[in-house]
Amino acid sequence: MLPRGKHNILGRAPAPAPLVSARDVSKYFVLHETLLARYLTGAKDRTVRAVDGVSLDVYPGETLSLVGESGCGKSTLGRTIIGLYEPTSGQVMFDGRPISGPEAMPRASLRRQAQIIFQNPYSSLNPRHTVRQILGVALAARGVPARERETETIALLRRVGLSAEHIDRYPHQFSGGQRQRIGVARALAMHPRFVVADEPLSSLDVSVQAQIINLLQELQAELGLAYLFITHDLRVVYHISHRVAVMYLGQVVEVAPTDELFENPLHPYTQALLSAIPSIERHRRRQRIILDGTVPTPIDPPRGCRFHPRCPRRTDRCEVEAPEFRQVTGTPETEAKAEARATARARAASEPGPAGSRTGARAEAGSGAQVGTAAGTRTEAEAEVEMEMQMQMQMQMEMEIARRKGAGPGARTGASAGTGADSTAEVASRTDAGAMPQGHFVRCHLAFA
Ligand SMILES: Nc1ncnc2c1ncn2[C@@H]1O[C@H](COP(=O)(O)OP(=O)(O)OP(=O)(O)O)[C@@H](O)[C@H]1O
Ligand code: SF4
Ligand SMILES: [Mg+2]
């Protein structure tokens with residue numbers, strides 16, 4: 001596929017500055033061999049290049065979905081960009097400030113502003129804590145005085161569709177969907193600006209999935225949250241995302257606004273992923289592309305283009321030369337759609353509407369809410385939040401490792417795209433995130449041939 005002609009972007013409102021910026025970020029894990037294995041077989045430590053040289057921006061108020069096969073590095077990238085993992089190299093900036101290194105922003109400040117919702121609501125809540133305690137820790141870390149926490153907790157529960165009577169219950173006394181709502185409430189208790197939602201739907205049944213998606217979208221519209229939404233369900237991606245990033249074997253291979261990506265996928269891997277969706281209204285059916293071969297391991301990724309052993313369009317060049325990640329232009333059709341959306345937005349903004357709902361939580365998240373809390377308690381609560389997140393991450397990781405061992409490599413590959421057939425039936429379409437960058441980026445020689 002060839003690059004499109006230059007398009008006119010004059011007159012469009014400038015894109016806001018990114019809230020989160022990853023630049024050339026890598027995260028490697030070293031797998032240590034036991035002494036016995038070293039002695040008996042001469043085995044050496046191995047390095048898993050889970051994330052390898054990723055650059056990505058997330059803008060205020062947008063939903064950027066991250067898709068790709070199982071094991072391609074989505075969770076690792078999500079955890080790295082909110083500081084749960086230290087990057088092996090590269091830099092992540094939050095609101096213009098580095099999150100690691102000597103100039104790093106204070107950890108507590110990052111934790112208040114960047115939160116994560118984990119995939120499994122069963123393992124991500126402390127079974128020995130009631131909802132009051134679970135949410136109380138986060139509220140304390142935000143600086144809410146003790147006397148106000150019960151009221152805030154009840155307000156949060158109501159916000160996520162639960163009620164005051166749930167406050168003294170333990171996680172095992174809830175259904176899966178309710179537990180995921182508590183996970184959402186816990187993330188929101190900090191009044192974050194950015195939330196990584198790491199497959200928040202995959203352990204829920206279809207009707208509950210739609211409820212959780214709608215809840216996340218309402219919260220985004222009210223509070224202006226930005227999401228990095230990690231999922232395997234491409235239909236959900238289509239309905240809720242402003243932009244989509246596609247990952248393959250530790251690298252982002254394509255990023256584009258949602259309409260652009262679905263209508264004009266440039267990377268052969270994206271084309272194969274999208275060809276697997278049974279149906280999305282408004283999109284022409286594509287011929288199903290079945291990829292050959294198994295997913296290579298991130299311990300020893302192929303040289304040249306990482307996708308070349310499976311790529312139906314590979315050339316000799318692909319085997320030796322790694323393609324750069326570069327911007328191509330959008331199509332005239334998607335440019336026209338973006339213009340139409342901008343016009344509709346401008347019209348909506350000029351019409352009088354209900355004020356107030358957008359201001360509430362965000363306004364009080366400022367310094368006022370933090371007044372009057374003993375610094376010691378606050379620091380302890382902040383440390384507890386950090387510890388708890390690390391603990392949840394550990395539990396999630398153990399479950400993931402068990403799942404991968406049980407299912408074998410590539411268990412969710414290929415067929416994983418487009419699962420959850422009916423989950424979007426009642427899902428609201430994506431909210432308006434303001435002026436979003438229309439850039440289409442791709443990592444493939446063909447796009448620049
Ligand atoms: N703590 C860890 N130690 C060693 N390897 C890890 C660790 N965490 C992840 N990996 C490896 O890094 C690679 C990327 O894993 P990651 O969990 O980020 O993938 P994913 O895209 O989220 O997959 P899934 O869709 O199955 O959740 C995998 O090969 C995984 O086995
Ligand atoms: S560079 Fe493009 S055409 Fe070549 S193997 Fe990679 S994805 Fe396929
Ligand atoms: Mg994952």
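Reader: How is the shell around ligand 2 divided by class?

Author: In this predicted model, the shell around ligand 2 has eight nonpolar, three polar and two charged residues. Cys counts as nonpolar in this scheme, and among the closest residues to ligand 2 are Cys305, Cys311, Cys318 and Cys444. His308 is also one of the closest.

Reader: What makes a residue part of the surroundings of ligand 1?

Author: The C-beta atom must lie within 6 Å of the molecule. For ligand 1 there are 14 such residues, and Phe29, Ala50, Ser70, Ser75 and Thr76 come nearest. By class they divide into six nonpolar, six polar and two charged.

Reader: Which element gives the most to the shell around ligand 1?

Author: Helix H2 does, with three residues. Strand S2 and helix H14 also supply at least two residues each.

Reader: Why is strand S8 called largely enclosed?

Author: A residue is buried if 20 or more other C-beta atoms lie within 10 Å of its own. Five of the five residues of S8, residues 226-230, are buried, so the strand is largely enclosed by the rest of the structure. Ala226, Leu228 and Ile230 point one way, while Tyr227 and Phe229 point the other way.

Reader: How do you know that S8 pairs with S3 and with S7?

Author: Pairing requires at least two bridges. S3 and S8 have four, in the parallel sense, and S7 and S8 have five, also parallel. Both pairs therefore meet the cut-off of at least two bridges. Leu64 stands opposite Leu228, and Ala197 stands opposite Phe229.

Reader: What do S7, helix H7 and S8 make?

Author: They make a right-handed β-α-β unit, in which H7 covers residues 206-223.

Methods
Residues numbered from 1 in each chain as written. Chains lettered and ligands numbered in written order. Predicted model: local features only at pLDDT ≥ 70, side-chain atom pairs only at ≥ 80, totals over all residues. Buried ≥ 20, exposed ≤ 12 C-beta atoms within 10 Å, placed from the backbone. Right-handed = clockwise from strand over helix to strand, strands pointing away.
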